[in-house]
Amino acid sequence: MRYPRDMQGYGPNPPKANWPGGAYVAVQFVLNYEEGGENNILHGDAGSEAFLADVIGAAPWPDKRHWNIESMYEYGARAGFWRLHRLFTQEKIPVTVYGVATAFARSPMQVTAMQEAGWEIASHGYKWVEHKDMPEELERAQIHEAIHLHTIATGERPTGWYTGRCSLNTVNLVSEEGGFEYVSDTYDDDLPYWREHKDHAQLIIPYTLSANDMRFVTASGFSDGEQFFQFLKDSFDCLYAEGKAGSPKMMSIGLHCRLAGQPGRFMGLKRFIDYIRGFEFVWTPRRIEIARHWAAEHPYVKPDLVPSQMDKATFVEKFGSIFEHSPWIAERAWDGELAIANDTATGLHFALRSQFRMASQAERMAVLRAHPDLAGKLAAAKRLTEASTAEQASAGLDALTDKERETFTHLNDAYTAKFGFPFIIAVRDHTKAQILDAFERRLGNEQETEFLTACAQVERIALLRLRAMLPD
């Protein structure tokens, strides 16, 4: 019952990117070089390519070559690449290339031009094919072969990775391979983040399929360069404003030689570059520079407590007292669905609180009755739990005058006689005077109202206890 997806992320308070020069946004251009690495029976594949070409709705042709789609890919290598190369070199904007290893092996002039321009050349896998059904061992072998062939073609092994048409195993396999400063096979954030797998922390730099020219050849995508420009402009304007307000982000832009390299589409890209030239505090790095900046500014720090990864005994020992003398709540939470989102104070509180709320009326009443009186006999005898002792001390309830102690004793007796459980309040939220005021006021409640009020206070106490143990 462990949910593997991360729905938490950075939450409402992402880290400050601290981009160089105080930039409000990092705009990063990726050029996918796939031409010559796509499905083709010439490459030993079962059929022709059908993905990301100007034959909308195409399907693979088993055991056949598709002349039209082949020539569209060839346009990318022969013409589109050079049009994009001229633009970025003239504008002095560095690019990250996601390069398919087998495509590089068939494109010596283009690889040389990338290197002479100082572009980063990251790996885009061994072949530009679908991996979703690929056996894990075969994909692992192809990652090895991609690195090997990439190194032969470029003279250096890649330090960035993006498969694109990936499997559920891809990110784990690349992390296990090692040697990669970042992996980009996610689309789940506007900032880099660390992902741990088998005690190895891998930096993830999310990519994009929205600010991506692939939408020229997908349903409900861009019909012309102006739409492409407008989407990029709106994305930039949003992120720039957020950065100016104090929360800088990253904007990835995905390009393909055979798509954005077409003249009408190209002009939308050019207009966007002209547009962002009118702004200060814009950083246009290669992806590897983002990775190295993030590793320096936000190095991985292994968390002290990871609740969703604990065994049951450890989990219950650590969190069994969050709800006073009621370890069964922690036991049920561990038996339920825990996830990465439950590894923060708020997230774990949600899991524990849910079990409390799902419990029977009698079970919830037992939790209420497990709480000690405020400034009562247990406190005087120093028999409170460590948490309760600290909580009561925070409001000065451990240093009452004789008159105050008499008042609390009278209120405790009256309250317990009426409701059948002790008065419960999150004392860390209140002063001594506020506690006394709430005590007297709540004595006038009906039974059901006060039961619900006390339960809410029990939940609040649990949250405050967790916030003393875990980050939020």
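Select Phe51 to begin: this residue is partly exposed, with a relative accessible area of 30%, where buried means under 20% relative accessible area, exposed over 50% and partly exposed in between, for a 1.4 Å probe and protein chains only. Before going further, note that this is a predicted model, in which local features need pLDDT of at least 70 and side-chain atom pairs count only at pLDDT 80 or more, while totals for chains, interfaces and linings use all residues. Residues are numbered from 1 along each chain as its sequence is written, and side-chain values use heavy atoms, with hydrogens and water left out.

Add Trp128 to the selection, a buried residue with a relative accessible area of 4%. Phe51 and Trp128 form a tilted aromatic pair, 6.0 Å centre to centre with 35° between the planes; rings of Phe, Tyr and Trp (its six-membered ring) pair if their centres lie within 6.5 Å, and planes under 30 degrees apart count as stacked, over 60 as edge-to-face and the rest as tilted. Because Phe51 lies in the loop between β2 and α1 and Trp128 in the loop between β4 (120–123) and α4 (136–154), the pair ties together parts that are 77 residues apart in sequence. Helices (H or I, at least four residues) and strands (E, at least two) are DSSP runs, numbered from the N terminus.

A search of the whole structure finds 39 aromatic pairs. Another one to select is Tyr33 with Phe81, which is edge-to-face at 5.9 Å centre to centre and 90° between the planes. Tyr33 belongs to strand β2 (residues 25–33) and Phe81 to helix α1 (residues 67–90), so this pair links parts that are 48 residues apart in sequence, and both residues are buried.

From Tyr33, extend the selection to the whole of β2. Nine of the nine residues of β2 are buried, so the strand is largely enclosed by the rest of the structure. Val25, Val27, Phe29, Leu31 and Tyr33 point one way, whereas Ala26, Gln28, Val30 and Asn32 point the other way.

Now show the partners of β2, bearing in mind that two strands pair if DSSP finds at least two bridges between them. Strand β9 (residues 249–256) runs parallel to β2 and is joined to it by eight bridges, with Gln28 opposite Ser252. Strand β3 (residues 96–99), also parallel to β2, is joined to it by four bridges, and there Asn32 has Tyr98 as its bridge partner. Two bridges join β2 to the parallel strand β10 (residues 282–283), where Val25 is partnered by Val282.

For a charge placed over a ring, select Arg258 and Tyr73: the charged end of Arg258 sits over the ring of Tyr73, 3.9 Å from its centre. The rule asks that NZ of Lys or CZ of Arg be within 6 Å of the ring centre and within 35 degrees of the ring normal. Arg364 likewise lies over the face of Phe356, at 5.2 Å from the ring centre.

Next comes a hairpin, in which β7 (residues 193–197) and β8 (residues 200–204) pair in the antiparallel sense over five bridges. Tyr193 has Ile204 in β8 as its bridge partner, and Lys198, in a hairpin with two residues between the strands, takes a positive phi near 50°.
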